[in-house]
Amino acid sequence: MAFCDVDEDKQNELLVGSEDYEIRIFQNEEVVSENTETDKVVGLCPLRGTVYGYALGNGTVGVYDRPGVRRWRVKAKHDVTSIIGFDLDGD
């Protein structure tokens, strides 16, 4: 689980990843978006603004911007143990 303001309404939404391959976004108690992935979701993290990262059990890591807009993803041969965002160059 993670919190991120994915719709720029100045309130954080709850991101929930599950073993049924779904990333769900909740506003209060209502599901406002669902993204289906290719394996169980093992990690989520807010990055900046409306952008959040995710990790899957099959080694895939990726980034969404807003609900349902995938920016990037890549699959590795290794299991993902954690995911975090960091600004290396200070921009």
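## The nonpolar core

In this predicted model, the largest nonpolar core is made of 12 residues. If you would like to find them in the viewer, pick out Ala2, Cys4, Val6, Leu15, Ile23, Ile25, Val41, Leu44, Tyr52, Tyr54, Leu56 and Tyr64. Strands S1, S3, S5 and S6 are the elements that each give two or more residues to this core. The largest share comes from S6, with 3 residues.

As background, nonpolar side chains tend to be buried together in soluble globular proteins.

## The four-stranded sheet

Let us turn to the strands at the start of the chain. Four strands form an open sheet in the order S1-S2-S3-S4, and their pairing is antiparallel. Strand S1 (2–4) and strand S4 (30–36) are the edge strands, each pairing on one side only. On average, neighbouring strands of this sheet are turned by 25° against each other, direction ignored.

## Pairings within the sheet

S1 pairs with strand S2 (residues 13–17) in the antiparallel sense, over 3 bridges. Two partnerships are handy for tracing this pairing: Cys4 has Glu13 of S2 as its bridge partner, and Phe3 stands opposite Leu14 in S2. Cys4 also belongs to the largest nonpolar core.

On to the next pair: S2 and strand S3 (residues 22–27) are antiparallel too, with 4 bridges between them. Here Leu15 has Ile25 in S3 as its bridge partner, and both Leu15 and Ile25 are listed in the largest nonpolar core. S2 and S3 form a hairpin with 4 residues between them. If you are looking at backbone angles, stop at Tyr21 in the turn, where phi is positive at about 70°.

## The largest pocket

The largest pocket holds about 300 Å³ of space. Its lining is made up of 16 residues, and those nearest the centre of the pocket are Leu47, Arg48, Val51, Gly85 and Phe86. By type, the lining divides into 10 nonpolar, 3 polar and 3 charged residues.

Which strands each supply at least two residues of this lining? They are strand S5 (41–48), strand S6 (51–56), strand S7 (60–65) and strand S8 (70–75). S5 and S6 have a part in the core as well, since each is among the elements that give two or more residues to it.

Definitions and conventions
Residues numbered from 1 in each chain as written. Predicted model: local features only at pLDDT ≥ 70, side-chain atom pairs only at ≥ 80, totals over all residues. Heavy atoms only, no water. 1 Å grid on protein atoms, 1.4 Å probe; cavity = no way out; pocket = protein on both sides within 12 Å on 5 of 7 lines; lining within 4 Å. Points joined across faces, edges and corners; volume = space filled by probe spheres on them. Nonpolar A, V, L, I, M, F, W, Y, C, P; charged D, E, K, R; others polar. Pairing = 2+ DSSP bridges. Axes fitted to C-alpha atoms, helices over the stretch in contact; angles between N-to-C directions. Core = buried A, V, L, I, M, F, W, Y, C linked by side-chain atoms within 4.5 Å. Buried < 20%, exposed > 50% of the residue type's maximum accessible area, 1.4 Å probe, protein only.
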